[in-house]
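Trainee: I should like to examine how each descriptive term is justified. May we take the terms one at a time?

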Amino acid sequence: MFIPYSCQQITDEDIAAVTAVLRSEYLTQGPAVAAFEQAFAVRHQVAHAIAVSNATAALHIGCLALGVGPDSRVWTTPNTFLASANCARYCGAAVDFVDIDPITRNISSAKLAHKLKAAEARGALPCVVIPVDFAGLPCDMREIRSLADRYGFKILQDASHAAGATYLDCPVGSAWADLTVFSFHAVKVVTTAEGGLLATQDAALAEKLRLLRSHGMTRDPAQMEQVPEGPWYYEQQELGFNYRLTDVQAALGTSQLARIDTLGIQRDALAQRYDQMLAELPLRLPARQADRQSAWHLYAVEIDAQRTSARRVDVFKQLRAAGLGVNVHYIPVHLQPYYARLGFRRGDFPAAEGYYDQALSIPLFPALTYAQQDQVVHLLGQALQDCA
Ligand SMILES: *Cc1c(COP(=O)(O)O)cnc(C)c1O
């Protein structure tokens, strides 16, 4: 028996949708991408959705569209996947981090406020801040918005974990941020195998992103700088990329998106069951917040060192040996050798480091059965006992 930490759910409908595209005229740049963007925009209540090849590409062109360049500063959280910081480096910008709130494990809005104040005094404010909705729990977007308005930075929300999540009763991506990025990598809540998307209410930003997604090139005569030389004419206006999603992937995405509410309910029910069954163990469980609903991409616990001597590494090894695909999210980005060479070191962001030292992601995905979940709880309890 092996239970992974995450597992995609592919139905017969998904397979039929993909097969239909494979039998159609277009494998890419056909109608399926626009249909996926439209369905995503409706579900998340945004005016513009731009699908791209993956969320890393989305973060990259998101930074460019928001004006990030070699003279810019971009801030994010250390408790994230590498891409949330790398995107700014692609643009030549300087990256810095803001420590997390140990309860939500998201960027701390209080520490952000503090750091902005100090940066203002030095004349070193960031132009973009990238909050990340860790595990699917939305960040303190109201507080971050008010700081953005006060200090003049743009918000590029990395909601790679948070498709379908809500904050103050609005879908993530529909309000507060200037731009919101989603990932459809196979382990994420909704998948296109590889894929990403940028959501925005801003038409001008959306137009820029569509150019950057495809070589900086347009075929729309209404957008052109020069007079079209003929019906074949296309025009490159920016230095863009090939970051397009295929129609095959988009068809899978649209089919998956039709189930997003059910998938979210299943994940939430499993998370609630973990909350109850793990309550007596020496663990710190993921927080729930009354004003927001997590998408439950991950269920990450912390081994509570004040209540047990069990070490995370030993618990991890025992669970892996027992067939549980446990994982660790995330090694704080600033501790990576690449970022250490830029001057960061252990001790810079103690809350993210303290969380990381004890963190363990346990299996959570819609097809996880109650029997499997019981097994996870049993094995985890046993490992905590054996390793203490
Ligand atoms: C998965 C992930 C990404 C990158 O997504 P890809 O689609 O794999 O490029 C970025 N940020 C976070 C927080 C992620 O979890």
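Trainee: What makes up the shell around the ligand, by class?

Mentor: In this predicted model, the shell has nine polar, five nonpolar and two charged residues. Glycine is counted among the polar residues under this scheme.

Trainee: Which residues are the closest of the 16 that surround the ligand?

Mentor: They are T56, D158, H161, S183 and K188. A residue belongs to the surrounding set if one of its heavy atoms lies within 4 Å of the ligand.

Trainee: What makes the pair between T56 and the ligand a polar contact?

Mentor: The cut-off for a pair of N or O atoms is 3.5 Å. A polar side-chain atom of T56 lies 2.6 Å from an oxygen atom of the ligand, so the pair meets the criterion. For D158, a polar side-chain atom is 2.7 Å from a ligand nitrogen atom, and for S183 the distance to a ligand oxygen atom is 2.8 Å.

Trainee: How much of the ligand's accessible area does the protein cover?

Mentor: Of the 380 Å² that the ligand has on its own, 92% is covered by the protein.

Trainee: Which pocket does the ligand take up, and which elements give two or more residues to its shell?

Mentor: The ligand takes the space of the second largest pocket. The elements are α3 (55-65) and α4 (83-90).

Trainee: How many helices and strands are there in the protein, and why is it called as compact as a globular protein of its length?

Mentor: There are 13 helices and 15 strands. The radius of gyration is 22 Å, close to the 21 Å that the globule rule gives for 388 residues, so the description holds.

Note on methods: Residues are numbered from 1 along each chain as its sequence is written. This is a predicted model: local features need pLDDT of at least 70, side-chain atom pairs count only at pLDDT 80 or more; totals for chains, interfaces and linings use all residues. Side-chain values use heavy atoms; hydrogens and water are left out. A polar contact is a pair of N or O atoms within 3.5 Å; within protein, one must be able to donate a hydrogen and the other to accept it, and residues adjacent in sequence count only if both atoms are side-chain atoms. Accessible areas come from the Shrake-Rupley method with a 1.4 Å probe; for residues, only the protein chains shown count as cover. On a 1 Å grid over the protein atoms alone, a cavity is a set of points where a 1.4 Å probe fits but cannot get out, and a pocket is an open set with protein on both sides within 12 Å along at least five of seven lines; lining residues have an atom within 4 Å of a point. A molecule sits in a cavity or pocket if more than half of its atoms lie within 2 Å of its grid points. Helices (H or I, at least four residues) and strands (E, at least two) are DSSP runs, numbered from the N terminus. The radius of gyration is taken over C-alpha atoms; the globule rule is 2.2 Å times the number of residues to the power 0.38.
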